[in-house]
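Please look through the charged side chains of this protein with me, taking the pairings one at a time.

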Amino acid sequence: MNRLRSFRFIIVFTLVSASLFSCTQKQPFDRDGWNDGDGITFPRRYMMVDDLLATHKLVGLKFSNVVGLLHYPDRFSYDSLSFHYEITRKMSGIDTLYTKNLVFTMGKDKVITSVKVTERDYKDEKKK
């Protein structure tokens, strides 16, 4: 009986530890994993963005190459010279509380000139 209880404890402990570790772990960039989600949220992007920026030379690529790597962008700017991929969005009901985006800027020749991660905390803006 004691052996069975110990065995169960080890199994449960291992499963809980593995699930907690995998939720906070950084992951290598993977094209399919980058786009994994329901079209509104992308739960794996925040784990991959650091690796993407560290292992891929994005500045100098053409827009079509970025789309080939990351799929089609989530949003374009009004002038169509910048676009972004949403990494994280935290909501409270219908209100956006926080966003983190990967923003690309390109020239008229469609060559990427800059890439940056932007964050915006809407909670702080509402307090002002």
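A residue is called buried under 20% relative accessible area, exposed over 50%, and partly exposed in between (1.4 Å probe, protein chains only). This is a predicted model, in which local features need pLDDT of at least 70 and side-chain atom pairs count only at pLDDT 80 or more, while totals for chains, interfaces and linings use all residues. Residues are numbered from 1 along each chain as its sequence is written, and side-chain values use heavy atoms, with hydrogens and water left out.

Q: How many salt bridges does the structure hold?
A: A salt bridge is a side-chain nitrogen of Lys or Arg within 4 Å of a carboxyl oxygen of Asp or Glu. Counted in this way, the number of salt bridges is three.

Q: Which residue meets Asp-74 in a salt bridge, and is that residue buried or exposed?
A: The partner is Arg-45, with an N to O distance of 2.8 Å. The pair links distant parts of the chain, 29 residues apart, with Arg-45 in helix H3 and Asp-74 in the loop between helix H4 (63–70) and strand S1 (75–76); helices (H or I, at least four residues) and strands (E, at least two) are DSSP runs, numbered from the N terminus. Asp-74 has a relative accessible area of 27% and is therefore partly exposed. The value for Arg-45 is 0%, so Arg-45 is buried.

Q: What is the relative accessible area of Glu-86, which meets Arg-89 in a salt bridge?
A: The side chains of Arg-89 and Glu-86 meet at 2.8 Å, N to O. Arg-89 counts as partly exposed, at 33% relative accessibility. Glu-86, however, is buried, and its relative accessible area is 10%.
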